Amino acid sequence: MKIQGAIFDMDGTLIDSLSFWDCFWHDMGERYFKDPTVRIDAVHFDTYVRTMIFGQAISYIHSYLGVPCSAEE
């Protein structure tokens, strides 16, 4: 059978992407705040960040936490 298409899903519907966020928080906190436990509170994160596409989420986190680099970095 010839494959005619493929579905890529990274929003948690088919693939559990929550472990990505654990790694993200640890790395970002360690790198920019010297504290690997930095997080946005769970209610705020679940209400805002998890409903955004990745680029929007990163821009929001950057602004919300005042990350000392560009959002693109």
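Biologist: Taking helices as DSSP runs of H or I with at least four residues, and strands as E runs of at least two, numbered from the N terminus, where does Arg 39 lie?

Modeller: Arg 39 lies in the loop between helix H1, residues 18-33, and helix H2, residues 42-47. This is a predicted model, in which local features need pLDDT of at least 70 and side-chain atom pairs count only at pLDDT 80 or more, while totals for chains, interfaces and linings use all residues. Residues are numbered from 1 along each chain as its sequence is written, and side-chain values use heavy atoms, with hydrogens and water left out.

Biologist: Is Arg 39 buried or exposed?

Modeller: Arg 39 is partly exposed, at a relative accessible area of 42%, where buried means under 20%, exposed over 50% and partly exposed in between, with a 1.4 Å probe and protein chains only.

Biologist: And what does Arg 39 touch?

Modeller: If residues up to four places away in sequence are not counted, Arg 39 touches Asp 22, Trp 25 and His 26, a contact being heavy atoms within 4.5 Å. A polar atom of the Arg 39 side chain also lies 3.3 Å from the backbone oxygen of Pro 36. As for C-alpha atoms, those of Arg 39 and Leu 65 are separated by 9.0 Å, although the two residues are 26 apart along the chain.

Biologist: Let's step back. What elements does the chain have, and in what order?

Modeller: The protein chain has three helices and zero strands, and from the N terminus on its elements run α-α-α. Of its 73 residues, buried ones make up 25%.

Biologist: What about long-range contacts?

Modeller: Among contacts between residues at least 6 apart in sequence, 43% join residues at least 24 apart.

Biologist: And how much surface does the chain expose?

Modeller: The protein chain exposes about 5700 Å², with carbon and sulfur atoms supplying 58% of it; these accessible areas come from the Shrake-Rupley method with a 1.4 Å probe, and for residues only the protein chains shown count as cover.

Biologist: Back to H1. Which of its residues are buried?

Modeller: In H1 the buried residues are Trp 21, Phe 24, Trp 25, Met 28, Gly 29 and Tyr 32. Seen down the axis of H1, they fall within an arc of 115°, so they line one face of the helix; the arc is that of the directions from the helix axis to the C-beta atoms. The cover over the buried residues of H1 includes H2 and H3.

Biologist: Does H3 have its buried residues on one face or not, and which are they?

Modeller: Ala 57, Ile 58 and Ile 61 are buried in H3. Seen down the axis of H3, its buried residues fall within an arc of 95°, so they line one face of the helix. What covers them includes H1.

Biologist: What span should H3 have?

Modeller: The 12 residues of H3, residues 54-65, should span 16 Å at 1.5 Å a residue, and the end C-alpha atoms are 16 Å apart, which agrees; the expected span is 1.5 Å times one less than the number of residues.

Biologist: Which residues have the most contacts inside the largest nonpolar core?

Modeller: The largest nonpolar core has 14 residues, and those with the most contacts inside it are Trp 21, Phe 24, Trp 25, Met 28, Val 49 and Ile 61. H1 and H3 each supply at least two residues of this core, and H1 gives the most, with five residues. Such a core is a set of buried Ala, Val, Leu, Ile, Met, Phe, Trp, Tyr and Cys residues joined through side-chain atoms within 4.5 Å.

Biologist: What does Trp 25 touch?

Modeller: Not counting residues up to four places away in sequence, Trp 25 touches Pro 36, Val 38, Arg 39, Ile 40, Phe 45, Ile 61 and Leu 65.

Biologist: What follows H1 and H3?

Modeller: H1 is followed by Lys 34, with a positive phi near 55°, a positive value in a residue other than glycine. Lys 34 is exposed, with a relative accessible area of 69%. Just after H3, Gly 66 takes a positive phi of about 65°.

Biologist: And Phe 33, what is it in contact with?

Modeller: Phe 33 lies in H1 and is partly exposed, with a relative accessible area of 30%. Leaving aside neighbours within four places in sequence, Phe 33 is in contact with Met 28, Val 38, Leu 65, Gly 66, Val 67 and Pro 68.

How values were computed: A polar contact is a pair of N or O atoms within 3.5 Å; within protein, one must be able to donate a hydrogen and the other to accept it, and residues adjacent in sequence count only if both atoms are side-chain atoms.
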